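Dear colleague,

I am handing over the structure below, together with some notes on what was found when the coordinates were examined. Please read them alongside the sequence and the 3D view.

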There are 2 protein chains.
Amino acid sequence: MEPLTIGKVARLAGVGVETIRFYERKGLLEEPPRRPSGYRQYPEETVSRIRFIKRAKELGFTLKEIEELLSLRVDSASACEDVRQRAEAKIVDIKRRIRTLNNMERALAKLVSACQNRSPMSKCPIIEALDQSEKP
Amino acid sequence: MEPLTIGKVARLAGVGVETIRFYERKGLLEEPPRRPSGYRQYPEETVSRIRFIKRAKELGFTLKEIEELLSLRVDSASACEDVRQRAEAKIVDIKRRIRTLNNMERALAKLVSACQNRSPMSKCPIIEALDQSEKP
DNA sequence: CTACATTCCGTACCATACTACGGAGTCAAG
DNA sequence: CTTGACTCCGTAGTATGGTACGGAATGTAG
């Protein structure tokens, strides 16, 4: 497993070279070792890490939140109880997101079936679905 | 049900007055009727609409995508088949998001239980979980 | 050994989604 | 009828998350 250049990592992860340098500046990627010339040398797992960042971003997490997610690990350097608490807070947040998405999905399904019945719906079902979901 | 001023809508929806005018400029909210003085008069449903925008934003939808979601309705002015297709595309997208969030949640749960067993995990489980989830 | 691609760095620019400002007009409680 | 809060509008500024540029050094295929 030879180390990867920044350009190869970028292609494999589906981002631009500049994005990788940007994430490094922001602390989402740690500074990789360098060749004598100064060229960065990445381990392959960096590709997974960047792909994770991409997906998490699509789900509405900010880079700051993503950094928090990435720092959640049980290792010698982090206090277990602290990690557990932070992970549980994230789980609560994620559960809430899933619930909202489920409501949206149901609303859209209702819309599709109303369509097939040629029954016009006066109001926007997706707003109504989420309106309800505030209350329970 | 008296019409609401922009300030009341803002308080009820939990956004700033400027945000509402911004959404109006962007086409996410239609221009409300005005008093002779020029003051905007909103129906109450505008509050739900803005709350929907807020939630959808938190889930990672852009304002452009949110506009698309909000325009999905079966009414006299829109072709049923077109609405159905666009709604189904959104459903696919939402299902994918839910799947990814479920994977993240499982990974975090694993992390929490590893914590309780005091078993250190060398790698970040959340990245691994999503790595897998690309393949099936 | 050439030629072309890639990398380096700093800085500047970009789009999105707000947020603030300022000066004038409006509303509503006392 | 005053006074203080609210609204109007246009324009400018902010934060986030990139994206582009440009000139020098490095890498690599033929």
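This is a predicted model, and in it chain B can be laid on chain A with an RMSD of 0.0 Å by a turn of 180 degrees combined with a shift of 0.0 Å along the axis. The two copies are thus related as by a two-fold rotation axis. The same surface serves both of them, since 100% of the contact residues of chain B recur in chain A. Within chain B, the residue that comes closest to the rotation axis is B:Gly60, whose C-alpha is at 1.8 Å.

Turning to the nucleic acid, there are 18 residues around DNA strand D, of which A:Tyr23, B:Thr5, B:Gly7, B:Arg21 and B:Arg40 come nearest. Of the atoms of DNA strand D that come within 4 Å of the protein, sugar and phosphate account for 74%. By class, the surface near the strand has 6 nonpolar, 6 polar and 6 charged residues.

Phosphate oxygens of DNA strand D are approached by both chains: a backbone N or O atom of B:Arg40 lies 2.7 Å from one, while in chain A a side-chain N or O atom of A:Thr19 is 3.2 Å from a phosphate oxygen and a polar side-chain atom of A:Arg35 lies 3.4 Å from a phosphate oxygen. The elements that give two or more residues to the surface near this strand are helix 2 (17-26) of chain A and helix 1 (6-13) of chain B, and the largest share, 4 residues, comes from helix 2 of chain A.

With best regards

Notes
Residues numbered from 1 in each chain as written. Chains lettered and ligands numbered in written order. Predicted model: local features only at pLDDT ≥ 70, side-chain atom pairs only at ≥ 80, totals over all residues. Heavy atoms only, no water. Near = heavy atom within 4 Å. Polar contact = N/O pair within 3.5 Å; in protein donor to acceptor, adjacent residues only side chain to side chain. Nonpolar A, V, L, I, M, F, W, Y, C, P; charged D, E, K, R; others polar. Least-squares fit on C-alpha atoms with pLDDT ≥ 70 in both. Contact = heavy atoms within 4.5 Å.
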